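Thanks for coming. Please look at the structure on the screen while I talk through it, one part at a time.

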Amino acid sequence: MKPCFKKFKRFVGVGLIFVLIFSLAGCTLFDSKAKIYSRYITSLLDINYKNVSKDYITLTGVSQKDAEAVYVANMDYQAHNLMHYYGIKEVDDGTILSEFYYLAQSILANAKYEVSKVTEDKESGQYIAEVTIYPLDTLECTYDTVVSYIENFNAKVEEGDYNNATEVEYETEFAEGIIEILKSTTSNPGYMDPVTIQVPIAPTSDYYYIQDEDFLTLDANILFIRENVGSLAPEADEDAEEESDTVTVE
């Protein structure tokens, strides 16, 4: 097998959207709209990142099974994003993806956020939630270690260590190294400076929700991503690049 060199890729925030919209009519009989909207956004974040479903089920009326499906879908999405970020391919029977799924669970269980306040625009009647997110620094604090790991891995490739390896063996070994580096941070998470995001509430006569793009904005800030990481990645030689589908984002 002709070796190809590993490179960083930017974390790509595209894919499935996990904002599920359900009728919530009736809940505001017990609390103010501002309080309900605050609980709703918190519960939406809780189910997506921590698999905490009690309030989400109460507010939306979904089943435990449906709530669990939201969490599973998001973790699958996050696992694919991590693999994409590090340029790791799905070449086996799903083992690598499974490991990244459990890694995503471990990392995002530490997600930190709060709804600071919810205010009403008296003229329009629209409510705005102010959500404060403390982005996890997992990828940032391991950045130098990962770069060093990739440089060492590339050196072994150049020396021919993987000339007789299968693609599965090659990708698995590279992935395992990345996973071990990231796992080392999950028991003692760190956070970047907080980010405050204004999230409009979209109510109708029957239900209320937040727009998909607003949820994706929240999601994009849960885990801090360094910009332009591709430009700092080790360069591959021309022959190796011809056989690699890894694309460095400048």
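Where is the place of phenylalanine 174? Phenylalanine 174 sits in helix H7, which covers residues 167-183. Before going further, note that this is a predicted model.

Is phenylalanine 174 buried or exposed? Its relative accessible area is 0%, and buried means under 20%, so phenylalanine 174 is buried. Now look for tyrosine 86. In sequence, 88 residues separate phenylalanine 174 from tyrosine 86. In space, the C-alpha atoms of phenylalanine 174 and tyrosine 86 are 9.7 Å apart.

Next, the chain as a whole. It holds nine helices and four strands. Read along the sequence, the pattern is α-α-α-α-β-β-α-α-α-β-β-α-α. The chain has 250 residues, and 45% of them are buried. Its accessible surface is about 12,200 Å², with 48% of that belonging to carbon and sulfur atoms. Take the contacts between residues at least 6 apart in sequence: 73% of these join residues at least 24 apart.

Now the sheet. In what order do the four strands form the open sheet? The order is E1-E2-E3-E4, and the pairing is antiparallel. The edge strands are E1 and E4, the latter being residues 208-209, and each of these two pairs on one side only.

Let me go through the pairs. Strand E1, residues 112-120, is joined to E2 by eight bridges, and the two run antiparallel. Two positions to find here: valine 118 has alanine 129 in E2 as its bridge partner, and glutamate 120 stands opposite tyrosine 127 in E2. E1 and E2 form a hairpin, with six residues between them. In that turn, glycine 125 has a positive phi of about 80 degrees.

On to the next pair. Strand E3, residues 195-203, is joined to E2 by seven bridges, again antiparallel. Valine 131 stands opposite isoleucine 197 in E3, and glutamate 130 has glutamine 198 in E3 as its bridge partner.

Why is E2 described as largely enclosed by the rest of the structure? Strand E2 spans residues 127-134, and six of its eight residues are buried, so the description fits.

Helices also lie against this sheet. H1 lies across E1, E2, E3 and E4, and runs at about 155 degrees to E1. Helix H8, residues 212-222, packs on the sheet as well, touching E1, E2 and E3. The direction of H8 makes about 155 degrees with that of E3.

Then there are helices packed on helices. Two packed helices are described by the angle between their axes and the distance between the axes. For H1 and H3, the axes come within 7 Å and cross at roughly 60 degrees. That angle makes H1 oblique to H3. The H1 side of this contact is Ile47, Asn48, Tyr49 and Lys50. The H3 side is Ala67, Val70, Tyr71, Asn74, Met75 and Gln78.

H3, residues 64-85, also meets helix H4, residues 95-108. Their axes come within 8 Å and cross at roughly 110 degrees. Angles of 65 to 115 degrees count as roughly perpendicular, and H3 and H4 are therefore described that way. Among the H3 residues that meet H4 are Tyr71, Met75 and Gln78. The H4 residues that meet H3 include Phe100, Ala104 and Leu108.

Just after H1 there is a small point on the backbone. Asparagine 51 lies in the loop between helix H1 (33-50) and helix H2 (54-60). Phi of asparagine 51 is near 60 degrees, a positive value in a residue other than glycine. The relative accessible area of asparagine 51 is 30%, and the partly exposed class runs from 20% to 50%, so asparagine 51 is partly exposed.

Last topic, the core. In soluble globular proteins, nonpolar side chains tend to be buried together. Which residues of the largest nonpolar core touch the most other members? They are Ile41, Ile88, Phe100, Val131, Ile178 and Ile210, out of 65 residues in that core. We have already met Val131, opposite isoleucine 197, and Phe100, in the contact of H4 with H3.

Take isoleucine 178 as the closing example. Leaving aside neighbours within four places in sequence, isoleucine 178 is in contact with Tyr86, Ile88, Phe100, Val146 and Tyr149. Tyr86 is also the residue set against phenylalanine 174 at the start, at 9.7 Å between C-alpha atoms.

How values were computed: Residues are numbered from 1 along each chain as its sequence is written. This is a predicted model: local features need pLDDT of at least 70, side-chain atom pairs count only at pLDDT 80 or more; totals for chains, interfaces and linings use all residues. Side-chain values use heavy atoms; hydrogens and water are left out. A nonpolar core is a set of buried Ala, Val, Leu, Ile, Met, Phe, Trp, Tyr and Cys residues joined through side-chain atoms within 4.5 Å. Buried means under 20% relative accessible area, exposed over 50%, partly exposed in between (1.4 Å probe, protein chains only). Contact means heavy atoms within 4.5 Å. Accessible areas come from the Shrake-Rupley method with a 1.4 Å probe; for residues, only the protein chains shown count as cover. Two strands pair if DSSP finds at least two bridges between them. Axes are lines fitted to C-alpha atoms, for helices over the stretch in contact, and angles run from 0 to 180 degrees between N-to-C directions. Angles under 35 degrees count as roughly parallel, over 145 as roughly antiparallel, 65 to 115 as roughly perpendicular and the rest as oblique.
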